[in-house]
Amino acid sequence: MASARIGRVDFSLEVDYRIEAESGMRLRESYDGGEVSALNLSVRLPNVRSRRQVFITYLDDDLLISRDALGGFDLLRRRDKEFMSQTALAVPSNEEGDDSPGA
């Protein structure tokens, strides 16, 4: 969902779409419509069956480029991620002489 403020009016836009893998580098994006909301009113966007192929190129572990057939592109950066500590993932062992973590 995206939102914007124009003057004193807040707008929100929600788009319905699907992404399907066609290969390791190619995705198919399908748009199925959406909804625009402002001033306590919501308007459903028509179901315009729009599709495009998107080609993915990874630059490194954190950056990728998404390009479509018309030359449009997006540069995407992976968000910072927090992982659970390894101690939170350890499962205590109930058997004596067990060498597994938590023994």
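How many bridges pair strand 1 and strand 2, and in which sense? In this predicted model, the two strands pair in the antiparallel sense over 5 bridges. Strand 1 covers residues 2-6, and strand 2 covers residues 9-21. Ser3 has Ser12 of strand 2 as its bridge partner. The strands form a hairpin with 2 residues between them. In this hairpin, Gly7 takes a positive phi near 65 degrees. Strand 1 is hardly covered. Among its 5 residues, the count of buried residues is 0.

Strand 2 also pairs with strand 3. Strand 3 spans residues 26-38. The sense is again antiparallel, here over 11 bridges. Val15 illustrates the register, with Gly34 of strand 3 as its bridge partner. Strand 2 and strand 3 form a hairpin too, with 4 residues between them. Strand 2 thus has a recorded pairing with strand 1 and another with strand 3.

Strand 2 contributes to the surface as well. Leu13 sits in this strand. A nonpolar surface patch is made by Leu13, Val15, Tyr17 and Ile19. The area of the patch is about 350 Å². In a regular strand, side chains alternate between the two faces of the sheet. Leu13 itself has a relative accessibility of 34%, so it counts as partly exposed. Val15 therefore appears in two settings: the nonpolar patch and, as a bridge partner of Gly34, the pairing with strand 3.

Charged side chains form a further set of links. Side chains of opposite charge can pair when their charged atoms come close. The count comes to 9 salt bridges. One of them joins the side chains of Arg44 and Asp16, at 2.6 Å from N to O. This pair links distant parts of the chain. Arg44 lies in strand 4 (residues 41-45), and Asp16 lies in strand 2, 28 residues apart. Arg44 counts as partly exposed because its relative accessibility is 48%. Asp16 is also partly exposed, with a relative accessible area of 26%.

A second salt bridge is formed by Arg18 with Asp32. The closest N and O atoms are 2.9 Å apart. Arg18 lies in strand 2 and Asp32 in strand 3, so the pair ties together parts that are 14 residues apart in sequence. The side chains of Arg18 and Asp32 are also joined by a polar contact of 2.9 Å. The two ends differ in cover. Arg18 has a relative accessibility of 36% and so counts as partly exposed. Asp32, at 16%, counts as buried, because the limit for that class is under 20%. Glu20 is part of this arrangement: Arg18, Glu20 and Asp32 are linked in a network of salt bridges.

What else does Arg18 touch, beyond residues up to four places away in sequence? Its contacts are Arg28, Glu29, Ser30, Asp32 and Arg49. Ser30 is 12 residues from Arg18 in sequence. In space, the two are 5.2 Å apart, C-alpha to C-alpha. Arg18 thus combines contacts with Arg28 and Arg49 with a salt bridge to Asp32.

A third salt bridge lies between loops. Arg78 pairs with Asp62, and the closest N and O atoms are 3.8 Å apart. This pair, too, links distant parts of the chain, 16 residues apart. Arg78 is in the loop between strand 7 (73-77) and helix 1 (86-89). Asp62 is in the loop between strand 5 (50-58) and strand 6 (63-68). Arg78 counts as partly exposed because its relative accessibility is 44%. Asp62 falls in that class as well, at 40%.

Strand 6 also holds Ser66. Is this residue buried or exposed? Ser66 is buried, with a relative accessible area of 9%. Its contacts, not counting residues up to four places away in sequence, are Val54, Phe55, Ile56, Gly72, Phe73 and Asp74. Buried Ser66 contrasts with strand 1, where the count of buried residues is 0.

Notes. Residues numbered from 1 in each chain as written. Predicted model: local features only at pLDDT ≥ 70, side-chain atom pairs only at ≥ 80, totals over all residues. Heavy atoms only, no water. Patch = residues over 30% accessible without salt bridge, like charges linked within 9 Å, V, L, I, M, F, W, Y side chains within 5 Å. Areas by Shrake-Rupley, 256 points an atom, 1.4 Å probe, with all protein chains shown as cover. Salt bridge = Lys/Arg side-chain N within 4 Å of Asp/Glu carboxyl O. Buried < 20%, exposed > 50% of the residue type's maximum accessible area, 1.4 Å probe, protein only. Contact = heavy atoms within 4.5 Å. Polar contact = N/O pair within 3.5 Å; in protein donor to acceptor, adjacent residues only side chain to side chain. Pairing = 2+ DSSP bridges.
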